[in-house]
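User: I am new to this structure. Please take one part and look at it closely, with its surroundings.

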Amino acid sequence: MPASPSAPLPESSAPLVFDTANPVHARALERLGTEEVAWLGTIDRHGFPHAVPVWFLWEGGTIQVLIQPGSVKTRNIRRDPKVLVHFETDAEGEDVTVLQGIAELAEESSAEWMARLGEPYLAKYRAGLDRLGWSLDRMTDDYSTVLHVRPTKLIGW
């Protein structure tokens with residue numbers, strides 16, 4: 001169920017092509033593969049930013065996030081699919097990685113998604129689930145919507 005944008009998508013909404021020879025791109029790809037938490041920024045109904053920390057998996061050229069179907073971020077994305085995904089900086093405020101992108105709510109449920117990508121997801125988040133005392137079933141029941149973010153622009157240094 002693709003989002004219904006209230007505003008047209010920018011002309012530069014083509015997928016970002018990462019250049020691994022570029023150190024900023026290479027570092028962004030490394031962080032996409034290793035970071036546990038990213039911040040997902042959406043646009044609320046009043047046009048203000050709404051940012052929340054999320055668990056994610058980098059797979060198939062998209063940032064994939066399990067989200068609650070009734071959450072603010074889900075409603076925001078249905079209204080406007082333009083999003084930001086960014087990581088924390090280092091202690092000096094450097095190592096900046098911000099990705100602009102277009103979000104799409106997947107047709108498949110998180111249980112179906114987990115059947116395909118559960119192994120890498122669990123490898124990354126098993127300790128986090130254990131810390132929360134959550135089973136995989138609880139995760140896919142509560143966070144039953146799958147979000148795909150296709151990066152279109154990288155801002156970093």
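Analyst: What follows is a close look at the sheet and the helices that pack on it.

This is a predicted model, in which local features need pLDDT of at least 70, side-chain atom pairs count only at pLDDT 80 or more, and totals for chains, interfaces and linings use all residues. Residues are numbered from 1 along each chain as its sequence is written, and side-chain values use heavy atoms, with hydrogens and water left out.

Start with the terms. Helices (H or I, at least four residues) and strands (E, at least two) are DSSP runs, numbered from the N terminus. Two strands pair if DSSP finds at least two bridges between them.

The sheet is open and has seven strands. Their order is E2-E1-E5-E6-E7-E4-E3, and the pairing is antiparallel. At the edges lie strand E2 (49-55) and strand E3 (57-59), each of which pairs on one side only. From one strand to the next, the twist averages 35 degrees. Such angles run from 0 to 180 degrees between N-to-C directions, and the axes are lines fitted to C-alpha atoms, for helices over the stretch in contact.

Now walk through the pairs. E1 and E2 are antiparallel and share seven bridges. Valine 37 has tryptophan 55 in E2 as its bridge partner. Five residues separate the two strands of this hairpin, and glycine 47 there has a positive phi near 90 degrees.

Strand E6 (residues 97-109) is joined to strand E7 (residues 145-156) by 10 bridges, again antiparallel. Glutamate 104 faces histidine 148 in E7. E7 also pairs with E4, through five antiparallel bridges. There, leucine 66 is opposite valine 146 in E7.

E4 in turn is joined to E3 by three bridges, and these two strands run antiparallel. Leucine 57 stands opposite glutamine 64 in E4. E3 and E4 make a hairpin with two residues between them. Glycine 60, in that turn, has a positive phi of about 65 degrees.

How many residues of E4 are buried? Six of the six are, so E4 is largely enclosed by the rest of the structure. Buried means under 20% relative accessible area, exposed means over 50%, and partly exposed is in between (1.4 Å probe, protein chains only). Thr62, Gln64 and Leu66 point one way from E4, while Ile63, Val65 and Ile67 point the other way. In a regular strand the side chains alternate between the two faces of the sheet.

Next come the helices. Helix H2 (residues 72-79) packs on the sheet, touching strand E1 (37-43), E2, strand E4 (62-67), strand E5 (82-86), E6 and E7. Contact means heavy atoms within 4.5 Å. The direction of H2 makes about 50 degrees with that of E1.

Lys73, Thr74, Asn76 and Ile77 are buried in H2. Seen down the axis of H2, its buried residues fall within an arc of 165 degrees, so they line one face of the helix. That arc is taken from the directions from the helix axis to the C-beta atoms. Their cover includes E1, E2, E4, E5, E6 and E7.

Arginine 75 also lies in H2. Arginine 75 is partly exposed, at a relative accessible area of 45%. Its C-alpha atom is separated by 9.5 Å from that of threonine 42, 33 residues apart along the chain.

Helix H3 (residues 110-132) lies across E2, E3, E4, E6 and E7. H3 runs at about 125 degrees to E6. A straight helix of 23 residues would span 33 Å at 1.5 Å a residue, but H3 spans only 19 Å between its end C-alpha atoms. The expected span is 1.5 Å times one less than the number of residues.

Where does H3 bend? The bend is at leucine 117 and is about 85 degrees, with proline 120 following within four residues. A bend is the angle between axes fitted to the seven residues ending at a residue and the seven starting there. The buried residues of H3 include Trp113, Met114, Leu117, Tyr121 and Leu129. After H3 comes glycine 133, with a positive phi near 70 degrees.

Two residues outside these elements complete the view. Serine 13 lies in the segment before helix H1 (23-34). Serine 13 counts as buried, at 19% relative accessibility. Beyond its neighbours within four places in sequence, serine 13 contacts Ile102, Arg150 and Thr152. Aspartate 95 sits in the loop between E5 and E6. Aspartate 95 is buried, with a relative accessible area of 18%. Its phi is positive, near 55 degrees, in a residue other than glycine.
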